[in-house]
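Hi,

Here is the structure I promised to pass on. Have a look at it first, and my notes follow below.

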Amino acid sequence: MTDLLAWLSGIALVFGCFFFVAGTLGLLRFPDVYSRLHAVTKADTLGLGLVVLGLSLRAESWHAIAIMFAVWLLVMASSTTACQLLARYQREQDRNPEQEDDDALP
Amino acid sequence: MPYSWADRFLSRRMLFWSLLYVALWGLLAGGKGWYIGIPCALAAAMLACWLGNPVWTFRPRAVPGFLLFFLRALVAGGWDVARRAVQPRMPLDPAWVSYPLTARDPRSRLLLAAAVSLLPGTLAGAIEADHLALHVLDHTQPWLESVARLEQQLMHVLGEGPA
C-alpha cells in the first residue's frame, strides 16, 4: 500500500514538473504576450496542482494537505486574475500604439 | 447615498467574509500570529464589503458535477498548451474573438472570465457590452462550444437560470 502510494506520488510529481517545464518553454518560445500568458496560466496551474497531489499522497497529516490545497486555490485565483490584468493592459497598449510605454523593453 | 456605513459593515456579508478570512489565516498560519491575522482578516473583509462582494451562494447538488467538469477542463487546457509549446513546429494560430454572454449575473461573468483562462486555448481580455473579448491560441479549435459549456455549468452551480 505504501509502495503504491509512493509510486503514484512519484508519477504525479514527474507530470507536475513536465507541465512546469512546458509552461516555461511556452513562455520563452511563443510569439506574443497573449500566447505566453496562455502557457504560463494553464500549464503552471496544472503543474502546481499535480505537485500538490503528489506531495499530498506522501503527506504526514491532513493539516498539511489542507494547507497545500489552499495554496493551490490561492495561486490559481491570483494567476487567472493577473493573467486577465496583463492581457487587458496589453490590449489597451495595442489599441493606442502612439502612447510611449516607459516600462517596456525595446 | 444608497447604503449607510452601518448597512455596509454590520451585515451578513461582513460576517461571511470575516469568517472566511479568519479561517484562511488559521489554516495558513497554523493557528498562530492572531495579533496580525485578526486585523488583516477584518481589513480584507471590510475591503470585500466596500467592493460589494456578495455572499457566495450556490446549489450544493450541482457542485460535484461542476468540479469534475472544471478539473477535466484544467487538464485538457494544460495538456493542450504544453503540447503546443513542446512541439518543434509550434502549431499556433492566435486570434481575438468575441463571445456573446448569456449570463446576466455579474458574479457568473466574473467567474467565467477568470475560469476561461484555464480552458483549452482561451484567455479573457475584457467584458465589453455583453460580449467577452477572448484571445484564442488556435481559432480552429471549438472554443465557442467549450466556453458556452463552462458558462452553462457556472450559471447552473451559481443558481442563475433553470435548475
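Chain B has 6 helices and 3 strands. Keep in mind as you read that this is a predicted model. If you walk along the sequence of chain B, the elements come in the order α-α-α-α-β-α-β-β-α.

On overall shape: the radius of gyration of chain B is 19 Å, whereas a compact globule of 163 residues would come out near 15 Å. The C-alpha trace of chain B covers about 55 × 40 × 30 Å along its principal axes. As for packing, 27% of the 163 residues in chain B count as buried. I also looked at the contacts in chain B between residues at least 6 apart in sequence: 69% of them link residues at least 24 apart.

Now to the part where the two chains meet. How many residues does each chain bring to the contact? Chain B puts in 24 residues and chain A 27 residues. On the chain B side, at least two residues each come from α2 (12-28), α4 (63-86), α5 (106-115) and β2 (122-128). Of these, α4(B) gives the largest share of the side that touches chain A, with 8 residues.

What about the chemistry of that side of chain B: how many of its residues are nonpolar, polar or charged? The split is 19 nonpolar and 5 polar, with no charged residues on the side of chain B that touches chain A.

If you want a place to start in the viewer, try α4 (63-86) of chain B, given its 8 residues on the side facing chain A.

Cheers

Notes: Residues are numbered from 1 along each chain as its sequence is written. Chains are lettered from A and ligands numbered from 1 in the order in which they are written. This is a predicted model: local features need pLDDT of at least 70, side-chain atom pairs count only at pLDDT 80 or more; totals for chains, interfaces and linings use all residues. Helices (H or I, at least four residues) and strands (E, at least two) are DSSP runs, numbered from the N terminus. The radius of gyration is taken over C-alpha atoms; the globule rule is 2.2 Å times the number of residues to the power 0.38. A residue is buried if 20 or more other C-beta atoms lie within 10 Å of its own, exposed if 12 or fewer, and partly exposed in between; C-beta atoms are placed from the backbone. Two residues are in contact if their C-beta atoms, placed from the backbone, lie within 7 Å. Ala, Val, Leu, Ile, Met, Phe, Trp, Tyr, Cys and Pro count as nonpolar, Asp, Glu, Lys and Arg as charged, and the others, Gly among them, as polar.
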